[in-house]
Amino acid sequence: MDVISAEVIVGSKSGLHARPAAMVVALAGTLDPPVTLRKPDGLAVNARSIVKVLSQNFCYGDLVVVEATGDGAEDSVREMAELVARELEEDDAIVDAIEASD
């Protein structure tokens, strides 16, 4: 199976820490197939794990590689890349992310 990937710049001013990371994990839990996140020169981590996402210290402006394999990988990667690229500290973004995970 081919790995589908996309590179995206972290859009949240606070990076993927605390609330933004929780939103990433919440979305990841709804995606099939699952996605991984990594820095270009780093190891991939399961986006469904808050501990693993936080351990990567993704900061505002960092390049993140989103990857998935299998049926539906294109959609999973696209949805996650769109979320990572957004400013996730705004109230509207929080509501949108919650609604998208329903």
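So, arginine 38: buried or exposed? In this predicted model, arginine 38 counts as buried, because its relative accessibility is 19% and the cut-off for buried is under 20%. You'll find arginine 38 in strand β2, which covers residues 36–38.

And what does arginine 38 touch, once we set aside residues up to four places away in sequence? The list is Leu43, Ala44, Phe58, Leu63, Val64, Val65 and Glu67. Keep an eye on that glutamate. The side chains of arginine 38 and glutamate 67 are joined by a polar contact of 3.1 Å. The pair also counts as a salt bridge, at 3.1 Å from N to O. Arginine 38 sits in strand β2 and glutamate 67 in strand β4, so this salt bridge ties together parts that are 29 residues apart in sequence. Glutamate 67 is buried, just as arginine 38 is.

Okay, let's zoom out. The protein has four helices and four strands. Reading from the N terminus, the elements go β-α-β-β-α-β-α-α. There are 102 residues in the protein, and 40% of them count as buried. If you take the contacts between residues at least 6 apart in sequence, 71% of those join residues at least 24 apart.

Now the sheet. How are the four strands ordered? The order is β1-β4-β2-β3, in an open sheet with antiparallel pairing. That puts β1 and β3, residues 45–46, at the edges; each has a single partner strand, so one side of each has no neighbour in the sheet. β1 pairs with strand β4, residues 63–69, through seven bridges in the antiparallel sense. And here's our glutamate again: across from glutamate 67 in β4 stands serine 5.

On to what packs against those strands. Helix α3, residues 73–85, lies across β1, β2 and β4. Relative to β1, helix α3 runs at about 10°.

That brings us to the core. As a general point, nonpolar side chains in soluble globular proteins tend to be buried together. Here, the largest nonpolar core has 26 residues, and the ones touching the most other members are Leu37, Val66 and Met80. α1, β4 and α3 each put at least two residues into this core. Let's look at leucine 37. Beyond four places in sequence, leucine 37 touches quite a list, including Val24, Val45, Val53, Phe58, Val66 and Met80. Leu43, Ala44, Val64 and Val65 are also among the contacts of leucine 37, and those names turn up in the contact list of arginine 38 too, including Leu43 and Ala44.

Back to charged pairs for a minute. How many salt bridges are there? The count comes to four. Besides the one with arginine 38, there's one between aspartate 62 and lysine 39, where the closest N and O atoms are 3.8 Å apart. Why does that pair link separate parts of the chain? Aspartate 62 is in the loop between α2, residues 50–55, and β4, while lysine 39 is in the loop between β2 and β3, so the two tie together parts 23 residues apart in sequence. Lysine 39 is partly exposed, with a relative accessible area of 24%.

Then there's helix α3. Arginine 78 makes a salt bridge with aspartate 75, with 3.4 Å between the closest N and O atoms. Both residues lie in helix α3, three residues apart, which is about one turn of the helix. Arginine 78 is partly exposed at 39% relative accessibility, and aspartate 75 is partly exposed at 42%. Bring in Glu82, and you have a network of salt bridges linking Asp75, Arg78 and Glu82.

Two loop residues to finish. Serine 12 sits in the loop between β1, residues 3–9, and α1, residues 19–28. Serine 12 is buried, with a relative accessible area of 0%. What's around it, leaving aside neighbours within four places in sequence? Serine 12 is in contact with Pro20, Tyr60, Val84, Arg86, Glu87, Leu88 and Glu89.

The other one is proline 34, in the loop between α1 and β2. Proline 34 is partly exposed, at 38% relative accessible area. Not counting residues up to four places away, proline 34 touches Arg48, Glu67 and Ala68, so to speak another visit to glutamate 67. And the C-alpha atoms of proline 34 and glycine 72 are separated by 9.5 Å, with the two residues 38 apart along the chain.

Key:
Residues are numbered from 1 along each chain as its sequence is written. This is a predicted model: local features need pLDDT of at least 70, side-chain atom pairs count only at pLDDT 80 or more; totals for chains, interfaces and linings use all residues. Side-chain values use heavy atoms; hydrogens and water are left out. Buried means under 20% relative accessible area, exposed over 50%, partly exposed in between (1.4 Å probe, protein chains only). A polar contact is a pair of N or O atoms within 3.5 Å; within protein, one must be able to donate a hydrogen and the other to accept it, and residues adjacent in sequence count only if both atoms are side-chain atoms. Contact means heavy atoms within 4.5 Å. Two strands pair if DSSP finds at least two bridges between them. Axes are lines fitted to C-alpha atoms, for helices over the stretch in contact, and angles run from 0 to 180 degrees between N-to-C directions. A nonpolar core is a set of buried Ala, Val, Leu, Ile, Met, Phe, Trp, Tyr and Cys residues joined through side-chain atoms within 4.5 Å. A salt bridge is a side-chain nitrogen of Lys or Arg within 4 Å of a carboxyl oxygen of Asp or Glu.
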